[in-house]
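Me: I'd like to go through this model with you and ask where its labels come from. Could you set each value against its definition as we go?

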Amino acid sequence: MDAFILKKYLMKNWKKISIGTIIAILLVWLNFYILIPNGVKKDGKETLTLGIVNNAPPFAFDGNNKDNGHETINGDFISGSDIEFFKEIADKMNRNLIIRTFSFPGILNAVKQGTVDVIIGMLNVTAERKEQMLSIEYHTSDLGILVRKDDPLFKEKKDAIKLNDLKEVKRITTIIGSIYDIQFFDTLKKQHYLPKAKKTALKEDAVNCAESVSNGTADVLLLEYPVIDLIANQQRDKFKAFKLTDLPDDIKVPPLGMFLQKGTKGENLKKELEGILKEVLNTKATYQGKYHPTAIDKHKKVIDSTKSKTSFFKTYYKSFLISLLLAVDGLLLGFILSLLFFKIKLLSVNTAVESPAKKSFKIKNIFSVLIDSLIYVLKAVPISIQVILVYNLLVLNFDFFKVDSLGSFYTALIIILINNATILTSVFVNNMKLLDKGQFEAAYSLGMKKKQVFNYIILRQTLKRSMPFVWNQLIINFKETALFSIIGLSSLLWNAQRNIVLTNDTITPFVIVSVIYLTLITLTNCICKKINKN
């Protein structure tokens with residue numbers, strides 16, 4: 001009899017079961033594909049973990065294969081003169097080079113927290129940084145400016161100019177938080193080299209700063225000459241780059257440096273690196289002459305590869321899967337946790353009515369208050385601040401988040417699932433209050449137990465009322481994955497920012513990401529409507 005009922009049920013619902021099975025298999029595959037590390041293979045050597053900012057060509061930029069890049073711990077590729085430089089250092093130290101990419105200023109926290117052994121990537125040696133970290137100088141760049149090709153102030157100028165030529169400049173941009181933003185502009189202003197100028201349109205990378213110059217938001221980009229010279233050579237119809245010469249001693253660009261964590265381990269590594277540096281760099285082999293030509297050649301190859309639409313769209317593939325997995329896993333785990341929170345809330349209400357003097361009431365009430373407090377805190381604190389705070393706390397206290405390449409993914413998952421749990425708990429509680437109380441009285445009069453009333457009346461009806469909110473939360477999750485790029489998660493936004501640096505196109509990457517999000521949300525809405533209809 002039971003076999004007949006099961007067979008009849010399967011025949012009636014085979015479509016739903018098949019779709020559910022396919023979705024479950026895809027979800028399991030996606031978890032294995034993303035969460036099983038597939039980055040750099042270790043060969044038994046001692047490792048040297050390098051942290052780097054990957055948005056400053058020719059010093060550091062994203063590659064797309066082993067021919068024009070070095071594989072990172074996340075399975076991506078990175079290239080640049082700093083990478084070529086450190087590959088040679090690691091080889092001479094007989095160490096296996098592990099590379100992790102960061103955004104600025106997250107990279108500064110990475111070395112302080114011990115996430116990496118050393119950081120590099122167009123980082124100037126300043127007094128403030130020397131107080132916080134150990135430093136090793138390795139190269140001094142020239143100072144330069146980038147201007148529009150048709151700017152009348154610089155139309156007759158050659159390759160090099162002097163500071164006095166900047167006196168008529170009115171708007172200057174640079175990378176926000178850089179030495180040019182914090183120190184150089186104010187020094188030049190005080191010494192009357194920039195009497196009319198003001199800072200405007202500060203951005204997080206050189207490409208977006210150059211776009212501000214191109215669209216007229218700013219007149220001049222002030223930065224290291226190799227960086228702006230590369231941008232000018234890529235877009236000769238738009239820009240001109242000039243090297244600033246005859247600079248006073250107090251205005252010269254501080255040397256670029258590598259930074260290490262203070263302490264015995266950092267001191268030992270510093271001594272070893274300084275010894276290797278004497279072999280790698282000398283009067284016959286300078287940093288710029290030895291590594292820049294190779295980096296510029298690889299950068300050109302990467303740029304040429306992005307002109308292929310197929311390879312360009314492929315760059316979004318893995319970040320799309322990461323965002324999808326994060327949103328779905330966060331919802332599923334958050335949903336399960338919200339059911340537990342909902343049960344605790346319901347038990348505290350029932351115990352308060354039936355036996356307010358018992359010890360069990362006090363315990364359940366404490367848990368209920370804690371859940372309410374968590375809901376209140378998460379509603380008040382912006383999710384971006386939650387992400388940074390939780391990530392820093394986890395990295396400081398757990399080695400797993402320092403060493404594992406998926407530390408940022410697990411941090412993001414924790415944030416999403418806890419936020420989902422608290423939001424859905426509030427939804428469940430509010431929808432439960434709308435249920436007809438007469439149903440409960442009728443159920444108890446028929447002899448049903450509390451567990452049966454919860455499972456067959458309260459939970460079922462509450463979930464049915466709440467399903468539109470659950471689907472809406474999935475849509476919110478998709479959009480919130482973009483925020484996690486601030487801790488180095490390879491999200492769609494992170495990938496768009498990388499492609500901007502490579503292609504000098506500040507529009508297309510964001511259009512592509514917008515289309516991907518729009519498609520995801522449209523599909524989610526269609527599935528939700530179909531399920532609600534059935």
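Me: Happy to start small: where is the place of Ser-212?

Reply: Ser-212 sits in helix α7, residues 206-214. A helix here is a DSSP run of H or I with at least four residues, a strand is a run of E with at least two, and both are numbered from the N terminus. One thing to keep in mind is that this is a predicted model, where local features need pLDDT of at least 70, side-chain atom pairs count only at pLDDT 80 or more, and totals for chains, interfaces and linings use all residues. Residues are numbered from 1 along each chain as its sequence is written, and side-chain values use heavy atoms, with hydrogens and water left out.

Me: Why is Ser-212 called buried?

Reply: Buried means under 20% relative accessible area, exposed means over 50%, and partly exposed is in between, with a 1.4 Å probe and protein chains only. Ser-212 has a relative accessible area of 4%, so it is buried. Leaving out residues up to four places away in sequence, Ser-212 touches Ala-201, Lys-203, Thr-217 and Ala-218, where contact means heavy atoms within 4.5 Å.

Me: What makes helix α8 largely enclosed by the rest of the structure?

Reply: Seven of the ten residues of α8 (residues 225-234) are buried, so the rest of the structure largely encloses this helix. Tyr-225, Val-227 and Leu-230 are among those buried residues. They pack against β8 (143-148), α7, β12 (220-224), β13 (239-244) and α10 (287-306).

Me: Is His-192 buried or exposed, and how do you know?

Reply: His-192 counts as exposed, because its relative accessibility is 57%. It lies in the loop between α6 (179-190) and β11 (198-199), and has a positive phi of about 65 degrees although it is not a glycine. Met-122 also has a positive phi, near 55 degrees, and is a residue other than glycine. Met-122, however, is buried, with a relative accessible area of 14%.

Me: How do you know where the largest nonpolar core lies?

Reply: A nonpolar core is a set of buried Ala, Val, Leu, Ile, Met, Phe, Trp, Tyr and Cys residues joined through side-chain atoms within 4.5 Å. The largest one has 72 residues, and Phe-85, Phe-86, Ile-89, Ile-145 and Met-258 touch the most other members. Domain 2 (47-138 + 255-302) and domain 3 (143-245) both give residues to this core, so it lies between them. The domain bounds come from an automatic or database domain assignment.

Me: What is the volume of the largest pocket, and what makes it a pocket?

Reply: The volume is about 1600 Å³. On a 1 Å grid over the protein atoms alone, a pocket is an open set of points with protein on both sides within 12 Å along at least five of seven lines, whereas a cavity is a set where a 1.4 Å probe fits but cannot get out; lining residues have an atom within 4 Å of a point. Grid points are joined across faces, edges and corners, and the volume is the space filled by probe spheres set on the points. Of the 31 lining residues, the closest to the centre are Ile-19, Ile-23, Trp-471, Ile-527 and Ile-531. The helix α2 gives the most to the lining, with nine residues.

Me: Why is this pocket said to lie between two domains?

Reply: Domain 1 (3-35) and domain 4 (310-533) both give residues to the lining, so the pocket lies between them.
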